[in-house]
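Me: Got a minute to walk through this one with me? I'd like to go over charges, empty space and odd backbone spots.

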Amino acid sequence: MKKIFLILLCLPFFASSQGNETLQLIFNQLDSLDNAYRIENTIWWGQHPEKFTYQTVEKRIEKAEYQAKYLADLEAILEEQLTDQEQINRSIRILQLKDEISDIEYKTYLIPFNAEGGFFNSPSFFLSRLPFNDEDIEDYIRWLPSFSEYISYNQNLLRMGMKEKIQAPKVIVQNIIALLEPWTSDDIASNPFFMAINNESVSADNKEKVKNTIKTKVLPSYQALLRFLNEKYLPSSPEKVGISEIKNGRAYYEDRIRHFTTLDISPDSVYNIGLAEVSRIRSLMDEIIQEVEFKGDFAAFLNFLRTDPQFYPKTGQELLNKAAWLSKKAEGQLPKLFSKLYTLPFTVEPVPDDIAPKYTGGRYVGGSRSQNKAGIYWVNTYDLKSRTLYTLPALTLHEAVPGHHLQITLASELEGLPDFRSGYYISAFGEGWGLYAEYLGEEMGMYETPYDLFGRYTYEMWRACRLVVDVGLHYKGWTRQEAVDYMAKNTALSLHEVNTEIDRYIGWPGQAVSYKIGELTIKRLREKATKELGNRFDIQKFHEEILKNGSVPLPILIAQIEKYISAEKAK
């Protein structure tokens, strides 16, 4: 195999007039590389396309060596040689390659989970959506034992991490141990693998067969993993929470900031942007406190919001009902702002019970027209006293419409994209759009009360605080408690959400800063377009330009909007 790729790598490249051919040649070589190294083991079952692919560490390292050569070739091609779409393709492929190479360079594949879970609970994200009946059970029973192989593979990565001193901090490991409970319990009836098939379409005999398979073929590997985490991994995990504590962790965090923002920006710059945004948003929040004539300071108002029953749902269904109503209200405003809308519907469902305790307040799960699956706006109904109603409008706008469902579904309907670009999600773009969607809620009339608007500001403040606490945790030596205190002092998030969010940042370095950086970029582009185009500015056209290429790096987005402005001015 190595000889084949050495031949490919030695193929001659063309002059600048043939940049198109050069780019396509590299893409073809990368496709060949991906196909050659794609799968060491594949876990799948029946007609359902869910797969878990993994490779030996040696194969991953070998592949990264080739990827580094192709990365250098891509970076050597000048943008002037390429069309707009070729520039986007090149930029995204470079982003992807750097991400995969970084995973190998810094050996972060040795930490295969974050605060919300990982390899062990990944079936939660698709099992509940599969239409199980008796015809599926034979395939399912054949598939279940192979998942134990996947557990063992990842447990071996954790052992390697212990030797390399590349481990998750204790607080994240403790979260993982708690999340393992339903997967390791002797009560098979509560096991997520069984609950997925526990419906009227599956016979009692087949249910018993599945129970027995889980008990004998799957449960032992999960219980072995739990013992390993408790007895070996947790005791050797670091107390300090920042990624800088692991080997080469400081350089890795700088790399993650560049990756998640898609900009050449330093952690210190991100931190300073965060401080400025916290100050700006705080003044808006103070105006709301004055408007409602609250007698007390900022801290007292936050305590009022966190403790007054009027701001919390009494049942999970009440929370879901309001989220669904807000979703339809938002949909009713979309034609005013968008000339092109999605064709795939979405629904509102609770976050699955087995992941809800450590999960965020809401999340979007993409659908698929080809698989006849609607998109899902997940709403967390766990611990209702932490689910604030005044933040629900902003959450709905972000996760449903005009946020993730609209943006992701429109991107999925684009035609003619290369495979590596189809479905690829760039956090700075996607999450920046989600936060911009919360801002659009003011124009859409979604914030009916001062408390709703304060909820929007609390969500924006939350994302501004992320810039401060993420860098604080991973680059400036903050403790977990310092981050919790900063977030609790500046936002009206419930204390439960504050704690789950801080753990999320600890377990996923750098990702949290992408939201605010992306939103600020989109807002600046809109301000520029509005100012330069004057009466010719069309909000529907502007949104079409932002979304027309799917998820793109921010420098590409900036360039395409500047071209749009120039073209409109030239008309």
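Me: Let's begin with K385. Buried or exposed?

Reply: K385 is exposed, at 67% relative accessibility. The cut-offs are under 20% relative accessible area for buried, over 50% for exposed and partly exposed in between, with a 1.4 Å probe and protein chains only.

Me: Which side chain does K385 meet in a salt bridge?

Reply: D383, at 2.7 Å from N to O. A salt bridge here is a side-chain nitrogen of Lys or Arg within 4 Å of a carboxyl oxygen of Asp or Glu.

Me: What should I know about the model and the numbering?

Reply: This is a predicted model, where local features need pLDDT of at least 70, side-chain atom pairs count only at pLDDT 80 or more, and totals for chains, interfaces and linings use all residues. Residues are numbered from 1 along each chain as its sequence is written, and side-chain values use heavy atoms, with hydrogens and water left out.

Me: Back to charges. How many salt bridges are there?

Reply: The structure holds 39. One of them pairs R256 with D99, whose closest N and O atoms are 2.8 Å apart.

Me: Where do R256 and D99 sit?

Reply: R256 is in helix α10 (residues 249–261) and D99 in helix α4 (residues 84–105), so the bridge ties together parts 157 residues apart in sequence. Helices (H or I, at least four residues) and strands (E, at least two) are DSSP runs, numbered from the N terminus. R256 is buried at 5% relative accessible area. D99 is partly exposed at 25%.

Me: And which residue does E331 bridge to?

Reply: K328, with the closest N and O atoms 2.6 Å apart. The two are three residues apart in helix α13 (residues 316–337), about one helical turn. K328 is exposed, at 55% relative accessibility.

Me: Which residues do shared partners join into one network?

Reply: E277, R280, E442, R456, E460, K516, E519 and K523. Salt bridges with shared partners link them.

Me: What about E431, which has no salt bridge?

Reply: E431 is in helix α16 (residues 427–443). E431 is buried, and the nearest side chain of opposite charge, R504, is 5.7 Å away. For charge, Lys and Arg count as positive and Asp and Glu as negative, while His and the chain ends are not counted.

Me: Which residues does E431 touch?

Reply: H398, H404, Y425, Q511, S514 and Y515, leaving out residues up to four places away in sequence. Contact means heavy atoms within 4.5 Å.

Me: New topic, Y253. Where is it, and what does it touch?

Reply: Y253 is in helix α10. Y253 is buried, at 0% relative accessibility. With the neighbours up to four places away left out, its contacts include D470, H474, Y475 and P509.

Me: Now empty space. How much lies in the second largest pocket?

Reply: About 510 Å³. On a 1 Å grid over the protein atoms alone, a pocket is an open set of points with protein on both sides within 12 Å along at least five of seven lines; in a cavity, a 1.4 Å probe fits but cannot get out, and lining residues have an atom within 4 Å of a point. Grid points are joined across faces, edges and corners, and volume is the space filled by probe spheres set on the points.

Me: What lines that pocket?

Reply: It has 23 lining residues, and the closest to its centre are I94, L95, K98, R258 and T262. Helix α4 gives the most, with ten residues. By class, the lining has eight nonpolar, five polar and ten charged. Ala, Val, Leu, Ile, Met, Phe, Trp, Tyr, Cys and Pro count as nonpolar, Asp, Glu, Lys and Arg as charged, and the others, Gly among them, as polar.

Me: How many cavities of 30 Å³ or more are there?

Reply: One. The largest cavity has a volume of about 80 Å³. Among the residues lining it are L319, R387, Y459 and E497.

Me: Last one, the backbone. Which peptide bond is cis?

Reply: The one from V401 to P402, with omega near 5 degrees. P402 is in the loop between α14 (392–399) and α15 (404–412).

Me: What about phi at T262?

Reply: T262 has a positive phi of about 60 degrees, although it is not a glycine. T262 lies in the loop between α10 and α11 (267–291), and is buried at 11% relative accessible area.
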